[in-house]
Amino acid sequence: MMDPCSREPNSMLSIDAALEKIKAALQPVAESEQVALNNALGRVLSEPVYSPINSPYDRNAAMDGYAFSSKEIPPEQPFTLTLAGTSWAGRPFQGHLQPGQCVRIFTGAVVPMQADSVIMQEQVHANGQTILFPAETIPRQHIREIGEDIKQGSLLCAHSKKLTAIDLGLLASAGIFELAVNRRVKIAIISTGDELTALGQPLASGKIYDSNRYALNGLLNDANYEVTDMGVITDNKQHLEDRFISAAKTHDVMITTGGVSVGEADYVKEILDRCGQVNFWKIAIKPGKPLAFGKIGPCCFFGLPGNPVAVLVTFQYLVAPALKQLAGAQASKPLQLTATCTTDLKKAPGRQDYQRGILSQDHNGEFFVTSSGKQGSNMLSSVSRANCYIILPPECTGVQAGDKVRVDLIQGAEILKS
């Protein structure tokens, strides 16, 4: 695949081909650990979880009313039963339901063994201990059977599932209080470049503040990741090599920004050739063409471009899926939507373009997207305003207002209501 706007003779790698190469090089972390259910949100299960009990554990009432035996119902006429007692949630009726009797019962309370029906309290008339039932009383209703929701021994959550809040509730309902999960992926992030200035310091001419580490720290805020911010390293070969080797010994993944573009990659490539096996790719995407990927010992290395928007795009589409694979999570496909574009978009053919857009949904459920502004790879303000990427394929030569386009939500973003 060639980019007509590029003077580079080498063909570029499609994003799908890059993802396949990365996927083939990775294996999930092998170690697991036990965590309490309260600490399991977002973690990835290292083994399946089965229910040790039935749920419901007992037959119980689906609503407030009266429990009785359907044998008491005469043909098509009202009837009365004598109130024998009450079954409360957590305090079952302790007696034996005799013929001609019923029990006052509340939602979730155990249904007496001799009863097979519950009638809503609004459908009967109580006169002291005598309960009048209507002629249209329907038998065998409003009882939750044992194991109706979950059978003992049935699968609750599969291996490799990333646990949601709903999963925690499900597991708690079965009495599960501890789980085996994959250990966290250990990730080091490093910014490179003489031009970077730490926050809180005055900005000199020719310098910029380091924004990439702060964006990456936010993107890596995940229960399955343990992140070490290793700061900024200046363009010093020995310092870079020492830091790379040190980080590789104690981390599963290293993510750097800067130093992989044409003209600035020479010293980084020289270092990585000495201490690891890292490929420098040209990916057919915009922004984010330069990417380094490989290994330093057992540690996976991702070298991202320095421009902040390129960092965001390459992270979401190339790094994030890889980290999910390393964490052992189930493979998934991101939600893709089709929207009507309300602005003209410029594009040259050759690379897949990830333009920043603002996605909204009208009252009919239709999606509309507009450009969030200038599309330079250094312009974080347009990404901050955006909630999606407008995906323009390599062969696309531009979009006119009214055209349908594919959009992907930016990580953590929400759809606006128009």
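Analyst: Accessible area is computed here by the Shrake-Rupley method with a 1.4 Å probe. The model under discussion is predicted.

User: How much area does the protein expose, and what share do carbon and sulfur atoms supply?

Analyst: The exposed area of the protein is about 21,100 Å². Carbon and sulfur atoms supply 51% of that area.

User: What share of the residues is buried?

Analyst: A residue counts as buried when its relative accessible area is under 20%. In the protein, 45% of the 418 residues are buried.

User: How does the radius of gyration of the protein stand against that of a compact globule?

Analyst: The globule rule depends on the number of residues. For 418 residues it gives a radius of gyration near 22 Å, whereas the protein has 31 Å. The spans along the principal axes can be read beside this: the C-alpha trace covers about 95 × 50 × 40 Å.

User: Which secondary structure elements does the protein have, and how many?

Analyst: There are seven helices and 29 strands. As for how the chain meets itself, take the contacts with a separation of 6 or more: 72% of them join residues 24 or more positions apart.

User: How many positive and negative side chains are there, and how far apart are the centres of the two sets?

Analyst: Lys and Arg count as positive, Asp and Glu as negative. The protein has 38 positive and 41 negative side chains, with 4 Å between the centres of the two sets.

User: Now single residues. Where is N212, and is N212 buried or exposed?

Analyst: N212 belongs to helix α3, which covers residues 212-219. N212 counts as buried because its relative accessibility is 8%, and the cut-off for buried is under 20%. Leaving out residues up to four places away in sequence, N212 touches S191, T257, G306, P308 and V311.

User: What should I know before reading backbone angles?

Analyst: Most peptide bonds are trans, and most residues other than glycine have a negative phi. Departures from either pattern can be listed.

User: Which peptide bond leading to P56 is cis, and which one leading to P287?

Analyst: The bond from S55 to P56 is cis, with omega near 0°. P56 sits in the loop between β2 (49-50) and β3 (60-61). The bond from K286 to P287 is cis too, with omega near -5°. P287 sits in the loop between β19 (285-286) and β20 (290-296).

User: What phi does R140 have, and what phi does H142 have?

Analyst: R140 is not a glycine, yet its phi is positive, about 55°. H142 is not a glycine either, and its phi is about 60°. R140 lies in the loop between β9 (130-133) and β10 (143-144), and H142 is in the loop between β9 and β10. R140 is exposed, since its relative accessible area is 60%, while H142 counts as partly exposed at 24%.

User: Where is E72, and which residues does E72 touch?

Analyst: E72 is in the loop between β4 (65-68) and β5 (79-87). At 23% relative accessibility, E72 counts as partly exposed. Leaving out residues up to four places away in sequence, E72 touches F79, L81, Q98, P99 and G100. With G100 there is a polar contact: the E72 side chain reaches the backbone nitrogen of G100 at 2.8 Å.

User: How far is E72 from A180 in sequence and in space?

Analyst: E72 and A180 are 108 residues apart in sequence, and their C-alpha atoms are 51 Å apart in space.

Terms used
Residues are numbered from 1 along each chain as its sequence is written. This is a predicted model: local features need pLDDT of at least 70, side-chain atom pairs count only at pLDDT 80 or more; totals for chains, interfaces and linings use all residues. Side-chain values use heavy atoms; hydrogens and water are left out. Helices (H or I, at least four residues) and strands (E, at least two) are DSSP runs, numbered from the N terminus. The radius of gyration is taken over C-alpha atoms; the globule rule is 2.2 Å times the number of residues to the power 0.38. Buried means under 20% relative accessible area, exposed over 50%, partly exposed in between (1.4 Å probe, protein chains only). Contact means heavy atoms within 4.5 Å. The place of a charge is taken as NZ of Lys, CZ of Arg, CG of Asp or CD of Glu. A polar contact is a pair of N or O atoms within 3.5 Å; within protein, one must be able to donate a hydrogen and the other to accept it, and residues adjacent in sequence count only if both atoms are side-chain atoms.
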